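The exercises below are to be worked with the sequence and the coordinates open. Each task is followed by a solution in steps.

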Amino acid sequence: MSRDSTSTGAAGNTNWYKALDPDELPEGRVKAVSCGDTTVAMTHQNGEYAALDNRCPHQGGPLGEGSIETGLLRCPWHGWDFDPLTGETPGSHDDCVETFPVEVRDDGIYVGFPEEEPHERTVSDVIAETLVNWGVRQVWGIVGHSNLGLADALRREAAGRNLAYYGVRHEGAAAFAASAYGKLTGRPAACFSIAGPGATNMLTGLWDANVDRSPTIALTGQVESQVLGTGNFQEVDLEAAYGDVAEFEATVLPDSDHAELATRAAKTAILERGVSHLVFPDEIQTQSAEGVDPGDPEGRITDRDITPPESALEDATDLLESAERPVIVVGHGARFEMDGIVDLAERFDCPVLTTFKAKGQIPDSHPLAGGVLGRSGTPIASHFMNEADLLAVFGASFSNHTGIAEYKPTIHVDYDAMTLGKFHGVDVPVWGEIGVTVDELDARLGGDLAAESQREELADRWAIWREEKATRREQAPERGVNYATAFEAMTRLVPDDAIIPVDVGNNTYAFGRYFEPEHQSVLMSGYLGSIGFAFPAALGAWAATQEPESEFSGRKVVSVSSDGGFGQYMSEFTTAVKYDMDVTHVLLNDDELGKISKEQRTGGWDVWQTDLVNPEFAAFAENCGGLGLFVDDPADLDDALEKAIAHDGPALVEILTDADPV
């Protein structure tokens, strides 16, 4: 309700709000009405109106949802009775309900409230301000009954344009969006939930952040501290539940150093490139914190450009200078240092191969690009790795999916000492920040290198592979559009600087093989390999494009999934509509969990329970308020993709395909 007027009396100013229209509330009825920030139970009894505090003094039941029975207002929770006009209780009880002045005017029923006191600074304010000071600009989540105090602090920061808040439909999507934002930017975002099921819903996305080294902060409500451990409604031991996924976690207690806890959470997420978790018991969120200053990073964080040990640099230089067919392999950890790595490759005229997570970090059009290595990769990359006499690996973790050869002489550079030699020994493990290390190696290399140019051989191999892809596009699928055709069209039509979150399944393998990136940023659920990642990740990526002076400003977001992946978080399409997100989603629909069907066949099992019953996804997008386009003919593919990408807002292109990505 909007405020009508302010009057001044002996007790101070009174703000009047119109609560009801004339004759809106029948005789003998009660109704909850919000007037400004206050909700009252409006009653109509014996021809009179009254406004009572909506909160029952017994256990907080909503009186406005109760009923007037035998002349008494009955609380819907526990049946406590009150006079509907005075708020008094019958008998000897003294827990009466506060009432507010009411005026019956020609245009309706008005309620008067004392002028609001200035906001009292709370623990939640201190923590929210501290996180903002540490660079948190995005929060994703769902507001609920056990996080309302923290939600109000986030609201204040959002109102001051210090951060952006996005309300999602499932907390798992909030965690994936925050994880994707961290993977893209290297900066932490936050996800936000209530206690119990809201907090547990975020665990999958947070594990994605954990294993892919994405800075992410989880903020979870909790039951009141006085009932912790008693099995209260929605109580989950959140420190235990998050114990393995979080690098840092703490429960916010009355006497905690609240600014320091938020500082530790942000600092750990940034430096450890992982998950931090703060638990907020309900009553602590609104605890007074007048005069408490927020924390900030001043003097709390150091430059991380660490130079490797001299001996490691010398050994790496010796191997590089003597190698005749060196190959550089880059992982996602090298994504911010590609200029220096490509310059180094130019000195050797050697191929630069990428892990699947690093796809797009060097354009496939670059004369030294060798494509993706491993199960989702190209024969080009596997050829050059097999022919190499030295592998120089930057920011990769040697997953079995990538298949970096163990038997080749190897230099491995990473900022995380635990990643070096993670699965097997390497010849030269180099612990240092990747950009610094590349510069050091470049400066130490002499002019007389043993390496032979592999540039022409790369061009020949690309010509062979592109001819092979053309023959695959000519193969008629069982229905619709084959994968090779779909990704060839995306190669031509997706903007060169787009951000492309991809999902898990056949669509992912086909994307790895057939899509040829230029300067796009590719995001995926790497080590966790979680289906459903792509669309929530697109929301997180879009948020990064909206930040003032962001390096991602103006870039399109084009995500890719199959029907199985999109179905997990398809309700988030309404989130994209709500916030008018300029996101295009390409959905390859084969009406089954096609990758699993393939694994069942190759493993000698019967294909079982992988078929899906799907809606018309394009129609669903339209029903949500976005643009939906359906394609079952290759001749219509370009037009649909062009329309969707040009559309200013959420768009979905449903492409009918079969379950064979080859």
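**Exercise 1.** Which residues does Thr-268 touch, not counting residues up to four places away in sequence? Add the element that holds Thr-268 and decide whether Thr-268 is buried or exposed.

*Solution.* The model is a predicted one.
- Step 1: Outside the excluded neighbours, which are residues up to four places away in sequence, Thr-268 touches Glu-247, Phe-248, Arg-273 and Ser-276.
- Step 2: The residue belongs to helix H7.
- Step 3: Buried means under 20% relative accessible area. Thr-268 has a relative accessible area of 17%, so Thr-268 is buried.

**Exercise 2.** Determine how helix H1 (residues 123-133) is placed with respect to the rest of the structure, and list the elements against which its buried residues pack.

*Solution.*
- Step 1: Val-123, Ser-124, Asp-125, Val-126, Ile-127, Ala-128, Glu-129, Thr-130, Leu-131 and Val-132 are the buried residues of H1.
- Step 2: Because 10 of the 11 residues of H1 are buried, the helix is largely enclosed by the rest of the structure.
- Step 3: The packing partners of these buried residues are helix H2 (148-159), E15, helix H7 (258-272) and strand E17 (275-281). Helix H7 is also the element in which Thr-268 is found.
- Step 4: Just after H1 comes Gly-135, with a positive phi of about 100°.

**Exercise 3.** Arg-213 and Gln-609 have positive phi values without being glycine. Where does each residue lie, and what is its exposure class?

*Solution.*
- Step 1: For Arg-213, phi is about 60°. The residue sits in the loop between helix H5 (203-211) and strand E15 (216-222).
- Step 2: The relative accessibility of Arg-213 is 24%, so Arg-213 counts as partly exposed.
- Step 3: For Gln-609, phi is near 60°. Its loop runs between helix H18 (594-602) and helix H19 (617-624).
- Step 4: Exposed means over 50% relative accessible area. Gln-609 has 57%, so Gln-609 is exposed.

**Exercise 4.** Describe the largest nonpolar core: which members touch the most other members, which helix gives the largest share, and which domains contribute at least three residues each?

*Solution.*
- Step 1: The core has 86 residues, and those touching the most other members are Ile-328, Val-330, Ile-341, Phe-394, Phe-487, Met-490 and Ile-655.
- Step 2: Helix H13 (residues 483-493) supplies the largest share of this core, 7 residues.
- Step 3: At least three residues come from each of domain 3 (310-456) and domain 4 (475-656).
- Step 4: Take Val-330 as an example. Not counting residues up to four places away in sequence, Val-330 touches Met-338, Ile-341, Val-352, Leu-353, Thr-354, Thr-355, Ala-358, Gln-361 and Phe-394.
- Step 5: There is also a second, separate core of 52 residues, which includes Leu-206, Tyr-242, Ala-541 and Met-581.

**Exercise 5.** Summarise the whole protein chain: how many helices and strands are there, what does the C-alpha trace span, and how many positive and negative side chains are present?

*Solution.*
- Step 1: The chain contains 20 helices and 29 strands.
- Step 2: Along the principal axes, the C-alpha trace spans about 95 × 60 × 45 Å.
- Step 3: Of 662 residues, 55% count as buried.
- Step 4: Among contacts with a separation of 6 or more, 70% join residues 24 or more positions apart.
- Step 5: The accessible surface is about 27600 Å², and 46% of that surface belongs to carbon and sulfur atoms.
- Step 6: There are 46 positive and 111 negative side chains, and the centres of the two sets are 4 Å apart.

Technical notes: Residues are numbered from 1 along each chain as its sequence is written. This is a predicted model: local features need pLDDT of at least 70, side-chain atom pairs count only at pLDDT 80 or more; totals for chains, interfaces and linings use all residues. Side-chain values use heavy atoms; hydrogens and water are left out. Helices (H or I, at least four residues) and strands (E, at least two) are DSSP runs, numbered from the N terminus. Buried means under 20% relative accessible area, exposed over 50%, partly exposed in between (1.4 Å probe, protein chains only). Contact means heavy atoms within 4.5 Å. Accessible areas come from the Shrake-Rupley method with a 1.4 Å probe; for residues, only the protein chains shown count as cover. Lys and Arg count as positive and Asp and Glu as negative; His and the chain ends are not counted. The place of a charge is taken as NZ of Lys, CZ of Arg, CG of Asp or CD of Glu. A nonpolar core is a set of buried Ala, Val, Leu, Ile, Met, Phe, Trp, Tyr and Cys residues joined through side-chain atoms within 4.5 Å. Domain bounds come from an automatic or database domain assignment.
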